[in-house]
Amino acid sequence: MALCRLVQSPPTNFHFRKYPSKFLKFSSLSLAFRYCHSSMDSPPEGYRRNVGICLMNNDKKIFAASRLDIPDAWQMPQGGIDEGEDPRNAAIRELREETGVTSAEVIAEVPYWLTYDFPPKVREKLNIQWGSDWKGQAQKWFLFKFTGQDQEINLLGDGSEKPEFGEWSWVTPEQLIDLTVEFKKPVYKEVLSVFAPHL
């Protein structure tokens, strides 16, 4: 499995996490999150509007990256929706800002909002950072097919925002669930279930 870092030189002596011989079954995960069948303009009260991006390559593997602030926390790209911004446009913008990727096309979306609550310490940190008091995030998820070459992926992004990721890799859905922080696993499980026909 290829692993790429924020720096442009190839990684040395990096050992990717070993995976169990039997991959996790999605059904074994807790479903402690909310389905929100509301309109595009009405996410649940108290949750920050957000988009999530599942970027898939030609081998049906998914882009995952480790956070600079929490190196063991791997995730798919995501980000806030600006006031008045369409979620699909927000997803295209966030993908570009966080990964530098512009060679991609939207091929599917989860047709409802998914929410997760921040753990108390995460909530406290983010609310100080954002100057808000969000319970968690309400997300619209989009599946993108990557149509470019791996060299296009640049964790410095498009230069418009501070970099968020330190390393990246193409992973299987099972590996992604294994790498993801606990409080995001149920949402990831649902996202991958909706996108399963494409993966």
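Which residues of the largest nonpolar core touch the most other members? The views below come from a predicted model.

**View 1. Trp141, Leu176 and Phe195 in the largest nonpolar core.** This core holds 24 residues. Trp141, Leu176 and Phe195 touch the most other members. Four strands and two helices each supply at least two core residues: E3 (47-56), E4 (62-67), E8 (113-117), E9 (136-146), H3 (173-179) and H4 (185-195). Helix H4 gives the most, with 5 residues.

**View 2. Contacts of Phe195.** Residues up to four places away in sequence are not counted here. Beyond them, Phe195 touches Cys54, Ala108, Glu109 and Val110. Its contacts also include Trp141, Phe142 and Leu143.

**View 3. A second, separate core.** This core has 21 residues. Among them are Ala65, Val101, Phe144 and Phe165.

**View 4. The largest pocket and its centre.** The space in this pocket is about 950 Å³. Its lining has 36 residues. Arg67, Leu126, Gln129, Trp130 and Glu164 lie nearest the centre.

**View 5. Lining of the largest pocket by element and class.** Strands E3, E5 (74-75) and E6 (78-80) each supply at least two lining residues. So do helices H1 (87-99) and H2 (120-130). Helix H2 gives the most to this lining, with 5 residues. By class, the lining has 15 nonpolar, 13 charged and 8 polar residues. Strand E3 supplies at least two residues to the lining and at least two to the largest nonpolar core.

Note on methods. Residues are numbered from 1 along each chain as its sequence is written. This is a predicted model: local features need pLDDT of at least 70, side-chain atom pairs count only at pLDDT 80 or more; totals for chains, interfaces and linings use all residues. Side-chain values use heavy atoms; hydrogens and water are left out. A nonpolar core is a set of buried Ala, Val, Leu, Ile, Met, Phe, Trp, Tyr and Cys residues joined through side-chain atoms within 4.5 Å. Buried means under 20% relative accessible area, exposed over 50%, partly exposed in between (1.4 Å probe, protein chains only). Contact means heavy atoms within 4.5 Å. On a 1 Å grid over the protein atoms alone, a cavity is a set of points where a 1.4 Å probe fits but cannot get out, and a pocket is an open set with protein on both sides within 12 Å along at least five of seven lines; lining residues have an atom within 4 Å of a point. Grid points are joined across faces, edges and corners, and a volume is the space filled by probe spheres set on the points. Ala, Val, Leu, Ile, Met, Phe, Trp, Tyr, Cys and Pro count as nonpolar, Asp, Glu, Lys and Arg as charged, and the others, Gly among them, as polar.
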